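Welcome, and please open the structure in your viewer. We will walk through it stop by stop, selecting a few pieces each time.

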Amino acid sequence: MSHRAHIDRREFLRATGAAGVSRLLLRPAAPLTAGAAVRQGAPAIIAAPGSRPDTPFGVAAGDVSSDGHAVIWSRADRSARMFVEYATTERFADVRRVRGPAAIETSDFTSRTVLRDLPPGQRIFYRVLFQDLSDLRVWSQPANGSFQTPSAGPRDVTVAWSADTVGQGWGINPEWGGLRMYDTMRRAEPDVFVNVGDTIYADQPVLPEVTLDDGSTWKNVVT
C-alpha cells in the first residue's frame with residue numbers, strides 16, 4: 001500500500017528549484033572557442049547592445065601577394081584580441097583560424113593579421129572576431145569579407161577607376177540610384193580599383209535640392 005505525503009506548493013517549488021540549480025553547478029562546462037561561438041549561433045541569453053565588442057568600420061583585406069600572403073585589417077570599439085577564420089568556401093567548411101594581436105588604445109583599437117600559404121587563383125572567405133580582453137567569455141559578432149588570390153599563371157585583369165566623385169553642388173541622389181557608377185564597378189568585380197584625385201570638391205556648397213533646367217529637382221544627401 002503506497003503512502004502519499006502531502007507537500008504544499010511553496011515547498012515543491014523550493015525543492016525543484018534547488019535541484020535544478022545543483023544540476024547546473026555540477027555539470028562541467030566546456031570552453032567556448034571563437035569557432036565554436038560562431039557554429040553554435042546565438043546564446044540562450046541575448047547580450048545587451050554594447051555588451052560585446054563591435055567592428056564599427058568592418059573589415060578589409062590588402063597586400064595580397066603571389067606568394068600566398070594577405071593582410072586582414074579591422075578595428076574594434078574596445079580592447080580586444082583579434083581572431084581571423086578563413087576558408088575557400090562561403091560555408092566555411094574547411095575553416096582555419098589564426099590568432100592575431102590585441103587591438104588596444106595605443107593602436108587606436110586597430111589590428112592586423114597576416115594569412116599565409118593561401119592557394120593561388122582562389123576566392124578566400126574570411127571572418128574577423130574580437131575577444132573582449134576584459135572578459136574572455138565575450139566575443140564580437142563575426143564580420144565577413146572575401147578576396148581573390150593571384151593566379152599561378154597569366155590571366156586577364158579587370159581594373160576600375162573613378163575620380164572627382166561628388167561636389168560642385170552635386171551629391172548623392174537616392175531617387176536617382178545614388179552613386180550608380182560604383183554599383184556598375186561592383187558588378188564588374190574588378191581585380192583592382194583605383195580612386196584618382198578628389199572624392200569631393202568642397203569649394204561650392206552641396207544644397208539639399210537643385211532645380212534642373214527642365215524644372216525637375218535633383219536631391220542631395222546632406223549631413
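**The whole chain**

Start with everything shown. Among contacts in the protein chain between residues at least 6 apart in sequence, 63% join residues at least 24 apart. Keep in mind that this is a predicted model. The protein chain holds three helices and 13 strands. Of its 223 residues, 26% are buried.

**Stop one: an open sheet**

Select β1, residues 59-62, then add β2, residues 70-75, and β5, residues 110-115. Together these three strands form an open sheet in the order β1-β2-β5, and the pairing is antiparallel. Why do β1 and β5 each have one side without a neighbour in the sheet? Both stand at the edges with a single partner strand each, so one side of each is left free of a neighbour in the sheet. From one strand to the next, the twist averages 20°.

Now look closer at β1 and β2. Four bridges join these two antiparallel strands. To find one such place, select A60, whose bridge partner in β2 is W73.

**Stop two: the loop between β4 and β5**

Next, select β4, residues 96-103, and follow the loop that leads from it to β5; T106 is found there. Is T106 buried or exposed? With a relative accessibility of 76%, T106 counts as exposed. Add S79 to the selection: T106 and S79 are 27 residues apart in sequence, and their C-alpha atoms are 9.9 Å apart in space.

The loop between β4 and β5 also holds D108. Most residues other than glycine have a negative phi. D108, which is not a glycine, has a positive phi of about 60°. It is partly exposed, with a relative accessible area of 43%.

For another positive phi, select F92, a residue other than glycine with a value near 55°. F92 sits in the loop between β3 (residues 80-87) and β4. Its relative accessible area is 10%, so F92 is buried.

**Stop three: β6 and β7**

Select β6, residues 123-132; six bridges join this strand to β7, and the two run antiparallel. I124 is a good residue to click on, as its bridge partner in β7 is F147.

Then show the side chains of β7, residues 143-148. In a regular strand the side chains alternate between the two faces of the sheet. Which residues of β7 point to one face and are buried? They are A143, G145 and F147, while N144, S146 and Q148 point to the other face and are not buried.

**Stop four: the second largest pocket**

Stay with F147 and Q148, and add R123, P190 and D191: these five lie nearest the centre of the second largest pocket, among its 17 lining residues. The space in this pocket is about 500 Å³. Which strand gives the most to the lining? That is β7, with three residues. Select β10 (residues 192-196) too, since β7 and β10 each supply at least two lining residues. By class, the lining has eight nonpolar, four polar and five charged residues.

**Last stop: N173**

Finish in the loop between β9 (residues 166-167) and α3 (residues 180-188), where N173 is found. At 5% relative accessibility, N173 counts as buried. To see what surrounds N173, select G178, W218 and K219, which it touches when residues up to four places away in sequence are not counted.

How values were computed:
Residues numbered from 1 in each chain as written. Predicted model: local features only at pLDDT ≥ 70, side-chain atom pairs only at ≥ 80, totals over all residues. Heavy atoms only, no water. Pairing = 2+ DSSP bridges. Axes fitted to C-alpha atoms, helices over the stretch in contact; angles between N-to-C directions. Buried < 20%, exposed > 50% of the residue type's maximum accessible area, 1.4 Å probe, protein only. Contact = heavy atoms within 4.5 Å. 1 Å grid on protein atoms, 1.4 Å probe; cavity = no way out; pocket = protein on both sides within 12 Å on 5 of 7 lines; lining within 4 Å. Points joined across faces, edges and corners; volume = space filled by probe spheres on them. Nonpolar A, V, L, I, M, F, W, Y, C, P; charged D, E, K, R; others polar.
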